[in-house]
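Please work through the following exercises with the sequence and the coordinates at hand. Each one sets a task and is followed by a solution that goes step by step.

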Amino acid sequence: MLNVQNLTFSYQKSPILKDISFKVDIGENLAVIGESGSGKSTLLNLIYGEFDLNQGQIFWKDTEILGPKYNLVIGYDFMKYVHQEFDLMPYISVSENISKYLSRFYPEESEKRTNELLKVVELEAFANVKVKTLSGGQKQRVALARALAKQPEIILLDEPFSHIDNFKKQSLRRNVFKYLKDKNITCIVATHDKEDVLGFADTMIVLENQQILEQGKPEALYNNPKTPLIASFFSEFNVIDDQIVYANQLKVIDKSNLKATVITCYFKGYHYLIEADLKEEKVFFEHDTSIEKGQEVFLSISE
Ligand code: ADP
Ligand code: MG
């Protein structure tokens with residue numbers, strides 16, 4: 001397993017991460033979430049061995065991950081990292097970028113693996129296209145396939161689908177995470193997108209103020225968000241009488257002591273999100289049909 005023990009790190013004086021500890025089992029998918037600047041990428045960099053820790057230790061199985069002070073070449077064979085900025089070879093083809101690190105002594109195996117990965121990232125049609133002509137999202141998909149090519153034991157993904165358009169995103173996520181599960185590859189995903197987490201992550205950790213604010217299964221964090229920050233990651237929410245209430249937990253009923261006046265109505269596909277005024281405070285709730293501005297409604301909190 002990956003074992004991060006009491007990790008503390010700073011680029012300059014002030015710490016970015018303080019006394020961080022967690023474990024990830026073999027084959028497990030861990031999501032690291034947090035606001036922009038909370039240290040998600042820094043944490044992945046440290047797990048990869050890009051920087052030396054100020055304090056603490058990181059182990060993959062029995063191997064201690066060490067930074068540049070101890071290693072001439074950064075990184076380990078068992079680990080791959082897909083950075084937010086992917087560096088590919090622009091003047092060779094998609095296929096060649098993926099197969100570049102596979103052995104030349106097994107051309108058939110190498111071709112088979114490359115084709116398998118082209119399928120995972122849905123780039124079969126681009127196999128022979130030069131990478132420099134691809135869009136940002138397509139390049140990101142090549143970077144993912146290349147990282148998977150050598151079948152690492154553990155893979156670090158930094159906002160792995162951020163450049164990929166919505167038409168492709170859903171199926172690509174399913175392909176990639178399914179591939180990782182099938183091959184029992186441990187995976188750590190840094191993201192601010194709940195879609196990268198729900199349905200895929202076994203566990204998640206939330207970074208805030210240099211520390212782990214919360215850690216657990218996505219269901220547990222969703223059902224019992226400890227702070228508004230965690231609730232905001234999942235959905236639109238309200239704080240009513242010190243209680244966090246998701247917009248879909250508020251229902252319109254005939255009469256209640258929560259009387260609100262509709263301000264705006266947003267079309268969301270299978271429902272509408274309604275912004276209303278509740279005792280001079282904004283409140284959000286979901287509704288099957290649109291409601292006109294100015295209309296009064298009575299709300300109730302459902303479990
Ligand atoms: P996230 O990925 O969650 O957005 P980062 O890990 O990129 O957060 O950044 C965490 C903090 O560290 C930010 O305040 C950022 O400005 C700072 N930081 C990131 N990289 C460097 C660096 N190479 N040198 C100095 N500060 C950095
Ligand atoms: Mg980042």
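**Exercise 1.** Determine which polar atoms of the protein lie by ligand 1 in this predicted model, starting from the side chain of Y11, and then describe the shell around ligand 1.

*Solution.* Begin with Y11, where an N or O atom of the side chain is placed 3.3 Å from a nitrogen atom of ligand 1. Continue with S41, whose side chain has an N or O atom 2.8 Å from an oxygen atom of ligand 1. Then turn to S38, which takes part through its backbone, an N or O atom there being 3.3 Å from a ligand oxygen. As to the area involved, ligand 1 taken alone exposes 550 Å², of which the protein buries 59%. The surrounding residues include Q12, I16 and E35, together with the run S36, G37, S38, G39, K40, S41 and T42. Sorted by character, the shell comprises two nonpolar, seven polar and two charged residues.

**Exercise 2.** Identify the protein donors of the magnesium ion (ligand 2) and state where in the chain they are found.

*Solution.* The donor atoms are OG of S41 and OE1 of Q84, at 2.0 to 2.8 Å from the ion. S41 belongs to helix α1 (residues 40-48), while Q84 sits in the loop between β6 (79-82) and α2 (94-99), so the pair links parts that are 43 residues apart in sequence. To classify their accessibility, recall that partly exposed covers the range between the 20% and 50% limits. S41 is partly exposed because its relative accessibility is 23%, and Q84 is likewise partly exposed because its value is 33%.

**Exercise 3.** Is F9 buried or exposed, and which residues are in contact with F9 beyond its neighbours within four places in sequence?

*Solution.* First locate F9, which is in strand β1 (residues 2-9). Its relative accessible area is 4%, and therefore F9 is buried. Next list the contacts, which, leaving aside those sequence neighbours, are P15, I16, L17, T42, L46, F51, D52, L53 and N54. For a sense of distance along the chain, F9 and V24 are 15 residues apart in sequence, and their C-alpha atoms are 20 Å apart in space.

**Exercise 4.** Describe the surroundings of D196, and find the polar contact that joins its side chain to that of T191.

*Solution.* D196 is placed in the loop between β8 (186-191) and β9 (203-208). Although in a loop, D196 counts as buried because its relative accessibility is 4%. The side chains of D196 and T191 are joined by a polar contact of 2.7 Å. Beyond the neighbours within four places in sequence, D196 is in contact with P160, F161, R173, F177 and T191.

Key: Residues numbered from 1 in each chain as written. Chains lettered and ligands numbered in written order. Predicted model: local features only at pLDDT ≥ 70, side-chain atom pairs only at ≥ 80, totals over all residues. Heavy atoms only, no water. Helix = DSSP H or I, 4+ residues; strand = E, 2+ residues; numbered from the N terminus. Buried < 20%, exposed > 50% of the residue type's maximum accessible area, 1.4 Å probe, protein only. Polar contact = N/O pair within 3.5 Å; in protein donor to acceptor, adjacent residues only side chain to side chain. Contact = heavy atoms within 4.5 Å. Near = heavy atom within 4 Å. Areas by Shrake-Rupley, 256 points an atom, 1.4 Å probe, with all protein chains shown as cover. Nonpolar A, V, L, I, M, F, W, Y, C, P; charged D, E, K, R; others polar. Donors = N, O, S within 2.8 Å, 3.2 Å for Na, K, Ca; no water.
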